[in-house]
Amino acid sequence: MAYYTKINKSELERYLKNYSFGDLHYFKGINEGIENTNYFFKTKSNKCVLTIYENKIIERIKEKNLSFFIDLVNFLRKKKFPCPKILYNNNNKQLNSYKNKQFTIIDFVEGKIEKKINLQHCYKLGRALATLHKKTLSFKKKKKNDFSFNEWDKLIKRKKKIKLSKSESFFLKEEIKYIKKNWPKKLPRGIIHGDLFPDNVFFKNNNIVGIIDLSNACNDFFCYDLSICINAWCYENKLNINKMKNLIKGYNSIRKIKNEEINYLNLFLRASSLRFYLSRLMDSQNKKIPKKYKKNPREYLNKLKYFQSNDVKNYF
């Protein structure tokens, strides 16, 4: 969440004119994250977030996938999953466009992002992740993972997107070769969040009240989604074993992880490390993205190297 599209009050009112919100009382840009432009705003009876999809800047969220994301959110809300409601405009549409950019408006989540992750947060996150996986088993639509290992070679070959030294290129090619060779063919799979970092989860009274940013959701192995969460929630210069175990304990309380999934967990941790290293590397070399929004790719390179040397299967 950043704000690439700068808008003033009168411009924001143009975005909102096809909704029945009443007078605009307050608004501000949300200066977190990287993928979209987000503005928080208040009217007399509403607190909402305007999200403008910056496809031409980030080039990760394809326009054709936005309808999948909206349908998924609507499905999850019917299943009582804690994701905020996407509001309809006066023409009964949830996805809107203005100045050749698509946007949605969602209800504001009355909670906070936890900056200091503890064991209880990890447990609650595990439960929420497993709940997402179970509830979406009956969701009919499918979407491929645009950042799966099948796409990594293409990314590295796109020299305009990623510039690598010979040693970096060799390291990545060898890691991709290893992951491809050992990638499982058959494990439990379905809809995954794909980007469940702490800044996409809102807590209130120590409970999860909102999970946002499902625009990266897709079909893949559940254990791959679990590895993304372990990497994002349980790593502190090295893996915090207790946090990982608590996350998995929470997950198991809703959906029991199979032994064969645990056997592949370290491979998925390497794969998810590589996935976010590559996307951050792309962002770091994208001149359209302001420097203050860019995240350090080396954080995930370090995680990748850690899991190359430390197999988490030894902790089970």
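Let me begin with a single pair: Cys48 stands opposite Asp107, which lies in strand 5. Before going on, I should say that this is a predicted model, in which local features need pLDDT of at least 70 and side-chain atom pairs count only at pLDDT 80 or more, while totals for chains, interfaces and linings use all residues. Residues are numbered from 1 along each chain as its sequence is written, and side-chain values use heavy atoms, with hydrogens and water left out.

Now to strand 3. Strands here are DSSP runs of E with at least two residues, and helices are runs of H or I with at least four, numbered from the N terminus. Strand 3 covers residues 47-53, and 6 of its 7 residues are buried, meaning under 20% relative accessible area with a 1.4 Å probe, protein chains only. Strand 3 is joined to strand 5, residues 101-107, by 5 bridges, and the two run antiparallel; pairing requires that DSSP finds at least two bridges. Strand 3 also pairs with strand 2, residues 36-43, in the antiparallel sense over 7 bridges, with Phe40 and Val49 as bridge partners, and these two strands form a hairpin with 3 residues between them.

Turning to the helices, the axes of helix 4 (residues 119-135) and helix 7 (residues 222-233) come within 11 Å and cross at roughly 160 degrees, the axes being lines fitted to C-alpha atoms over the stretch in contact, with angles from 0 to 180 degrees between N-to-C directions. Helix 4 is therefore roughly antiparallel to helix 7, a label for angles over 145 degrees. Among the residues making the contact are Leu125 and Leu129 of helix 4 and Leu226 and Trp233 of helix 7, where contact means heavy atoms within 4.5 Å.

How values were computed:
Buried < 20%, exposed > 50% of the residue type's maximum accessible area, 1.4 Å probe, protein only. Parallel < 35°, antiparallel > 145°, perpendicular 65-115°, else oblique.
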